[in-house]
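Here are some exercises to work through with the model open beside you. Try each one before you read the solution.

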Amino acid sequence: MRIDRLALENPRTQGPGRRVWYERHNPEHPRRVASLFDRAMRGRAPGTPHSAIIVGAGACTEIPLELLARTHSRVVLVDLDALSMERARNELPSALRPRVRAVVADITGGVSGKLSALLGTQPWSDLAGLGPAAVIAGAADCIARCAVPDPPELAAGLGTFGLVASTMTLTQLFSLPLLDVLDVMAVVAPALVGEQDADPRYQAAARDFRRRVALAHLNLLAALLAPGGTGVVATDVTGHLIAPARGPHARADRETLPVLPRDTVDPRAELAARFRVAGPLERWRWLASTPTADRPGREYDVVGAVFQSRASRDAGQSAT
Ligand SMILES: C[S@@+](CC[C@H](N)C(=O)[O-])C[C@H]1O[C@@H](n2cnc3c(N)ncnc32)[C@H](O)[C@@H]1O
């Protein structure tokens with residue numbers, strides 16, 4: 001499963017080296033995330049617990065972990081990648097480390113494992129014998145039948161937090177399991193990879209799956225949020241491939257792909273359905289990689305928001 005490779009792949013895009021890279025290539029990204037945290041911390045109702053949880057924390061590349069550890073008595077990081085979280089914790093002054101706990105958990109509640117189990121039950125060679133439509137239908141069937149825990153259980157006894165946050169994680173939660181489906185198809189029917197997107201049943205199953213996983217993630221944030229608490233969410237919504245400016249692969253235009261289409265999940269509407277959302281959604285550009293002579297770069301349009309638990313209204317606070 002793709003999630004099994006996270007711990008191997010994350011160090012390429014996370015940690016102190018990546019922070020230096022952002023300073024050079026995309027300083028706006030960590031600055032915008034830090035400013036959301038700043039707004040969220042200032043918007044909490046008096047008496048709200050000084051505890052924070054970051055889901056999909058990784059190495060806290062863009063998360064102001066030291067500030068959180070200085071200003072909160074308890075900070076919980078959750079990710080499948082134990083090493084990255086440990087690296088983030090070890091970057092802190094030693095006096096702050098005891099305040100930070102790393103919880104290794106699948107924040108979807110095991111969606112990749114459930115989908116993988118369903119994929120393992122399909123009679124792929126029989127389906128391949130029946131033709132391309134049967135293989136694609138078999139894949140769509142697994143996606144449609146895959147249970148999505150909503151909200152997912154993280155770990156027993158975590159409780160609720162004055163600050164909850166998820167940055168640049170939401171789209172990975174559905175895209176990695178959907179890539180597992182393509183990995184299986186690449187083995188059983190390599191010629192069909194790419195064809196699935198033209199199949200209405202596959203498209204509908206994948207759209208519904210993305211929506212179920214994304215909404216379960218927002219419901220997880222809601223379940224973890226203490227009354228009077230605030231939260232930060234930031235997610236990529238549209239991806240762009242940046243072609244090299246020179247060389248044989250140079251192109252003037254860029255390829256654009258929605259990664260969180262509005263007709264699948266409208267972030268503003270779904271946040272407003274669960275929380276009080278402070279101000280308009282913020283938007284910025286997140287550069288993931290620059291183009292090389294033979295590989296395109298990738299960048300994303302990002303939306304970010306600060307939200308409050310609905311119970312905050314009674315406390316008369318506003319996270320502006
Ligand atoms: C793009 S990174 C987020 C970066 C992070 N916010 C930072 O500041 O470094 C997405 C994170 O989500 C984690 N992740 C992806 N799928 C996950 C899952 N199902 N359960 C737990 N963590 C997951 C990855 O390991 C990765 O650390």
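**Exercise 1.** Work out how helix 10 and helix 11 pack, and which residues make the contact.

Solution. Start with the geometry of this predicted model: helix 10 (residues 200-224) and helix 11 (residues 267-274) pack at an angle of about 35°, and their axes are 10 Å apart. Next comes the handedness, and this crossing is right-handed. Now pick out the side chains. Helix 10 brings Leu215, Leu218 and Ala222, while helix 11 brings Glu270, Leu271 and Arg274. Sort them by class and you get four nonpolar, no polar and two charged residues.

**Exercise 2.** Find the angle at which helix 9 and helix 10 cross, and decide what to call the arrangement.

Solution. The two axes come within 9 Å and cross at roughly 140°. Only angles over 145 degrees count as roughly antiparallel. That is why helix 9 is oblique to helix 10. As for the hand, helix 9 passes helix 10 in a right-handed crossing. On the helix 9 side, look for Leu170, Leu173, Phe174 and Leu178; they meet Ala206, Phe209, Arg210, Val213, Ala214 and His217 in helix 10. The tally for this contact is eight nonpolar, one polar and one charged.

**Exercise 3.** Now do the job for helix 6 and helix 9: is the pair roughly parallel or roughly antiparallel?

Solution. Helix 6 covers residues 111-121, and it packs on helix 9 at an angle of about 20°, with the axes 9 Å apart. The cut-off for roughly parallel is 35 degrees, so helix 6 counts as roughly parallel to helix 9. Helix 6 passes helix 9 in a right-handed crossing. The contact takes Val111, Ser112, Leu115, Ser116 and Leu119 from helix 6, and Leu176, Pro177, Asp180, Val181 and Val184 from helix 9. Split by class, that's seven nonpolar, two polar and one charged.

**Exercise 4.** Trace the strands that pair with strand 5, giving the direction and the number of bridges for each.

Solution. Take the partners in turn.

- Strand 4 (residues 161-167) runs parallel to strand 5 (residues 225-242), with six bridges joining them. To find your place, note that Thr167 stands opposite Ala234 of strand 5.
- Strand 8 (residues 297-308) is antiparallel to strand 5, and twelve bridges hold the pairing. Here Thr230 has Gln308 of strand 8 as its bridge partner.
- Strand 6 (residues 255-258) is also joined to strand 5 in an antiparallel way, by four bridges. Gly239 stands opposite Leu257 in strand 6.

**Exercise 5.** Describe the shell around the ligand: how many residues does it have, and which element gives the largest share?

Solution. Count first: 25 residues surround the ligand, and the closest are Leu6, Gly56, Gly58, Thr61 and Ile107. Then ask which elements give two or more residues; they are helix 1 (6-13) and helix 9 (170-188). Helix 9 has the largest share, with three residues. Finally, the classes: eleven nonpolar, ten polar and four charged.

**Exercise 6.** Track down two backbone oddities, one at Pro151 and one at Cys60, and say where each residue sits.

Solution. Begin with omega: it is about -5° between Asp150 and Pro151, and the peptide bond joining them is cis. Pro151 belongs to the loop between helix 8 (132-145) and strand 4. Then turn to phi: for Cys60 the value is near 55°, positive in a residue other than glycine. Cys60 lies in the loop between strand 1 (51-55) and helix 4 (65-71).

Technical notes. Residues numbered from 1 in each chain as written. Predicted model: local features only at pLDDT ≥ 70, side-chain atom pairs only at ≥ 80, totals over all residues. Near = placed C-beta within 6 Å. Nonpolar A, V, L, I, M, F, W, Y, C, P; charged D, E, K, R; others polar. Axes fitted to C-alpha atoms, helices over the stretch in contact; angles between N-to-C directions. Parallel < 35°, antiparallel > 145°, perpendicular 65-115°, else oblique. Left-handed = near helix turned anticlockwise from the far one by under 90°. Contact = placed C-beta atoms within 7 Å. Pairing = 2+ DSSP bridges.
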